[in-house]
Amino acid sequence: PGAQSGLAPLGTVIARAGSLIDVSGAAGVIALPSRSGLASWLVTTPVATDAGAVRIVASQGLLLDSTLLANRGGPSAAGGSLVIDQTIWASYYGASYRQPVGALVLTQGRQSFAPDGLKIGDLLPAVLQGQLHVSADAIMDAGFSGVSLGAADAVIFNGSINLRTDRSLAISATGLSATAGADVHLASAYVNLGGGQRSAFNDFNSSQANIIAALAGSATLAVQASLIDIDGLLRSGASFQTPAGQAVALPGFAAMRFTSAGDIRLAAATAQSAASAGSGYSGYSSFNTFGDLGFTAAQIYPITAAPASGDFVSQLALFTVSAAGPASVITFARNGVDLPPLPLSAGGQIRIIAPTINQGGVLRAPIGQITLGDPAHPGTSIINLLPGSVTSVSAAGALIPYGSPVGNNLYIYGTDWI
């Protein structure tokens, strides 16, 4: 065996069929005092609590056969939250060791993922190593309101998938893949997609030896929400080589549609998270596909690109959306006739690259830049600016806070902590 980092979380999490993980809320009645003048009495009042949280972080694999329950205690309470993610720290165990691809594999129906006869101490079968296996039905039946699913290399939709939550849904991975012909539907009040949510702690040693590239596929993806964030680095499909030279090819989507009742935001990665993903990522964030892309929203814009301040990392400015298939089309559309208020965003940059670009939506980058077409290959795109569309870099006289958040409690403006 070779070197290993200190407290590296290694191994596989197995939740056996027949076991139960229950963080549901509770309901009951309490007696509260009430008074009118000199008279007092007790009033019976129903109460309910929110459900709790389940967090599972694995390295080499997850086989989730257990029953999960996270129901709200009552109509006024919230369902629980679920986080399933992966840490990859075991990148080197000698020349003969091949680190598996880190992937979360989502299937629709419940099934048994753990092989019969598997015991504590047994070696996980090679076909399961590096994979987190989860069922969409098991998640939805449990009553979770907020769900975050992540993996070091890719999230794979195994067959057609319908996953809905009522509060939030995050897919935290650089690569999104699906089996051939799959029809994937994701819906929640808030949806966040992309590798920008990940950090060097998550993927200190992912299986990628170089940049993950997009790969063509035949599946379709539809995302619906009231607010959608596309975060940092996102690829439809995944093509890369492992450090051992193994070629990995995970098919992507032929068409991806994002429909928001509100806004769609493009969140460029920080310099730190981009650097942790590979040297080739430095300087920009991107969403790449070989299929078609469709965005329907009140408006689409990049978040603020804030400069570095002292020891704090900067937010990268440029976000590229690229559909590189020979006949790929990127389409922007409005979800209504009213122009929404200007977003409080500044300095962001959007670059849209595709053989055909249909701009019928509201694209904004206040005090920033919007580029339609590939500056490196001018004249290679058909650009249609459709009636009713808005393409604007104006701040319209708005007062926009310009800085950078640090954690949950601090905001950096210049060199001052606010």
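Hi everyone, this is a short tour of one protein structure, from its overall make-up to a few of its residues.

Before we start, please keep in mind that this is a predicted model, where local features need pLDDT of at least 70 and side-chain atom pairs count only at pLDDT 80 or more, while totals for chains, interfaces and linings use all residues. Residues are numbered from 1 along each chain as its sequence is written, and side-chain values use heavy atoms, with hydrogens and water left out.

Let's begin with the whole protein. Its secondary structure comes to 2 helices and 38 strands; these are DSSP runs numbered from the N terminus, with at least four residues for a helix (H or I) and at least two for a strand (E). Of the 418 residues, 47% are buried. Buried here means under 20% relative accessible area, exposed means over 50%, and partly exposed is in between, using a 1.4 Å probe and protein chains only. The accessible surface comes to about 18500 Å², and carbon and sulfur atoms account for 57% of that. Those areas come from the Shrake-Rupley method with a 1.4 Å probe, and for residues only the protein chains shown count as cover.

How do the contacts spread along the sequence? Among contacts between residues at least 6 apart, 76% join residues at least 24 apart. A contact, by the way, means heavy atoms within 4.5 Å.

Now for the strands. Strand E23, residues 253–260, runs parallel to strand E26, residues 292–297, and 5 bridges join them. Two strands pair if DSSP finds at least two bridges between them. Within this pairing, Thr 259 has Thr 296 in E26 as its bridge partner. E26 also pairs in the parallel sense with strand E29, residues 329–334, over 5 bridges. There, Leu 293 is partnered by Ile 330 in E29.

Next, the inside. A nonpolar core is a set of buried Ala, Val, Leu, Ile, Met, Phe, Trp, Tyr and Cys residues joined through side-chain atoms within 4.5 Å. Which residues touch the most other members of the largest core? Among its 65 residues, they are Ile 84, Leu 106, Phe 157, Leu 186, Phe 258, Phe 287 and Phe 295. Strand E18, residues 219–225, gives this core its largest share, with 4 residues. Another core lies apart from it, with 10 residues that include Ala 154, Phe 240, Val 248 and Leu 250. Going back to Leu 106, and leaving aside neighbours within four places in sequence, its contacts include Val 134, Ile 139, Leu 149, Phe 157 and Leu 163.

On the outside, Ile 30, Leu 32 and Val 47 make a nonpolar surface patch of about 220 Å². Patches are made of residues with over 30% relative accessible area and no salt bridge; like charges are joined within 9 Å, and nonpolar side chains (Val, Leu, Ile, Met, Phe, Trp, Tyr) within 5 Å. Ile 30 lies in strand E3, residues 27–36, and is partly exposed at 39%.

That brings us to charges. Side chains of opposite charge can pair when their charged atoms come close. How many salt bridges does a search of the whole structure find? It finds 3, counting a side-chain nitrogen of Lys or Arg within 4 Å of a carboxyl oxygen of Asp or Glu.

In one of them, Asp 166 meets Arg 72 at 2.6 Å, N to O. Asp 166 lies in the loop between strands E13 and E14 and Arg 72 in the loop between E7 and E8, so the pair ties together parts that are 94 residues apart in sequence.

Another joins Asp 141 and Arg 110, with the closest N and O atoms 3.6 Å apart. Asp 141 is in helix H1 and Arg 110 in the loop between strands E9 and E10, so this pair links parts 31 residues apart in sequence.

Then there is Arg 265 with Asp 229, at 2.7 Å, N to O. Arg 265 is partly exposed, at 25%, whereas Asp 229 is buried, at 7%.

Let's finish with two loop residues. Is Ser 145 buried or exposed? With a relative accessible area of 1%, Ser 145 is buried. Ser 145 sits in the loop between helix H1 and strand E11, and the residues it touches include Arg 72 and Asp 166. Pro 75, in the loop between strands E7 and E8, counts as exposed because its relative accessibility is 84%.
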